[in-house]
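Visitor: Could you take me on a close look at the place where protein and DNA meet? I would like the cut-offs along with the numbers, please.

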Number of protein chains: 2
Amino acid sequence: MFQIQPYSPVPVYEQIVSQTERLVLSGVLKAGDQMPSVRSLSIRLSVNPNTIQKAYNELDARGVLCAVPGKGCFVAVNAGERLTELCRGKLTELRSLADVLALAGIPKEELIQCIESAYEKR
Amino acid sequence: MFQIQPYSPVPVYEQIVSQTERLVLSGVLKAGDQMPSVRSLSIRLSVNPNTIQKAYNELDARGVLCAVPGKGCFVAVNAGERLTELCRGKLTELRSLADVLALAGIPKEELIQCIESAYEKR
DNA sequence: TAACTGTACTAATAGTCATAGTACAGTTAT
DNA sequence: ATAACTGTACTATGACTATTAGTACAGTTA
């Protein structure tokens with residue numbers, strides 16, 4: 001369910017956050033689904049429980065997960081919509097990336113091609 | 001020449017690196033131009049000399065600048081070409097960003113519009 | 001009651017970023 | 001030659017983050 005690269009420069013908890021968000025967006029995780037517990041996932045990924053908790057807290061704060069003390073951690077009801085809103089903020093990222101690539105003289109068609117192929121997969 | 005945000009999450013030396021690269025790509029800095037000295041720039045930006053040196057070292061390693069002990073730091077002869085090559089690597093970044101946005105259901109047209117407006121500026 | 005759940009702490013380690021200070025060697029103009 | 005510049009190298013320190021480690025508490029469920 002999760003693929004963790006321990007020696008990556010991107011923190012483990014961020015890997016869990018982004019991979020969870022991907023699973024929600026791709027429909028693998030649906031609203032109400034129970035997530036693995038903090039302890040069990042920490043054992044399965046050979047990672048400290050605190051690292052998992054940090055990831056779950058972040059996802060809870062973003063409205064993707066809903067943690068219930070004593071019961072477990074569940075996918076929030078409007079997780080998909082929340083993520084779409086959050087992703088819209090990434091358009092700024094795309095804009096500045098396109099700015100640099102344009103400045104570097106990369107042909108516009110190459111960028112368009114990247115976009116096209118990303119949408120063809122679906 | 002440089003606009004530094006000291007409390008930004010992106011390190012000061014990285015800000016200098018990326019801003020220098022932008023100046024080279026936009027033609028403000030041309031091959032052979034002498035950069036401000038480590039010490040003078042550190043004073044002007046109210047930053048430690050070591051921070052400037054780290055930025056210049058990085059730019060030297062990327063082939064953008066050419067540091068000559070005793071003389072100064074100069075824009076490398078093929079700085080523009082080096083940067084174009086380096087930027088081509090960022091297409092991967094664009095690809096994964098487009099993947100996420102596509103997955104989130106952001107309309108393809110919005111992404112295309114970002115690309116178009118970036119190239120219209122030029 | 002026992003075994004699970006999330007949560008909240010503290011402590012310690014490791015790494016990065018930045019500051020601070022010093023020193024050395026090469027270049028240049030006076 | 002001297003002074004003033006240049007890049008470079010090095011150590012030490014403080015702040016912050018990521019992570020591991022361990023313990024403890026409160027709610028839930030069979």
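**A close look at the DNA surface**

Guide: Happy to. Let us start at a base: a nitrogen of a base in DNA strand C is 2.7 Å from an N or O atom in the side chain of Asn50(B). That is a polar contact, defined as a pair of N or O atoms within 3.5 Å; within protein, one must be able to donate a hydrogen and the other to accept it, and residues adjacent in sequence count only if both atoms are side-chain atoms.

A word on the ground rules. This is a predicted model, in which local features need pLDDT of at least 70 and side-chain atom pairs count only at pLDDT 80 or more, while totals for chains, interfaces and linings use all residues. Residues are numbered from 1 along each chain as its sequence is written, chains are lettered from A and ligands numbered from 1 in the order in which they are written, and side-chain values use heavy atoms, with hydrogens and water left out.

Back to strand C, now at its phosphates. A phosphate oxygen of DNA strand C is 3.2 Å from a side-chain N or O atom of Lys54(B), and a polar side-chain atom of Lys71(B) lies 3.3 Å from a phosphate oxygen of this strand. Two or more residues of the surface near DNA strand C come from each of helix H2 (38–44), helix H3 (49–61), strand E1 (65–68) and strand E2 (72–75) of chain A, and from helix H1 (12–25) and helix H3 (49–61) of chain B. Helices (H or I, at least four residues) and strands (E, at least two) are DSSP runs, numbered from the N terminus.

Lys54(B) has a second partner: its charged end sits over the ring of Tyr13(B), 4.5 Å from the ring centre. The rule here is NZ of Lys or CZ of Arg within 6 Å of the ring centre and within 35 degrees of the ring normal. In chain A, Lys54(A) lies over the face of Tyr13(A), at 4.5 Å from the ring centre.

Stepping back, 25 residues are around DNA strand C, and Pro11(B), Val12(B), Asn50(B), Thr51(B) and Lys71(B) come nearest. A residue is near a strand if one of its heavy atoms lies within 4 Å of it. Those residues divide into 10 nonpolar, 10 polar and five charged, where Ala, Val, Leu, Ile, Met, Phe, Trp, Tyr, Cys and Pro count as nonpolar, Asp, Glu, Lys and Arg as charged, and the others, Gly among them, as polar. On the DNA side, 61% of the strand C atoms within 4 Å of the protein belong to sugar or phosphate, and the rest to bases.

Now for DNA strand D. It is surrounded by 25 residues, the closest being Pro11(A), Val12(A), Asn50(A), Thr51(A) and Ser37(B). Sugar and phosphate make up 60% of the strand D atoms that come within 4 Å of the protein. Backbone atoms take part here: a polar one of Val12(A) is 2.4 Å from a phosphate oxygen of DNA strand D, one of Asn48(A) is 3.2 Å from a phosphate oxygen, and a backbone N or O atom of Val38(B) lies 3.0 Å from a phosphate oxygen. The residues near DNA strand D divide into 10 nonpolar, 10 polar and five charged.
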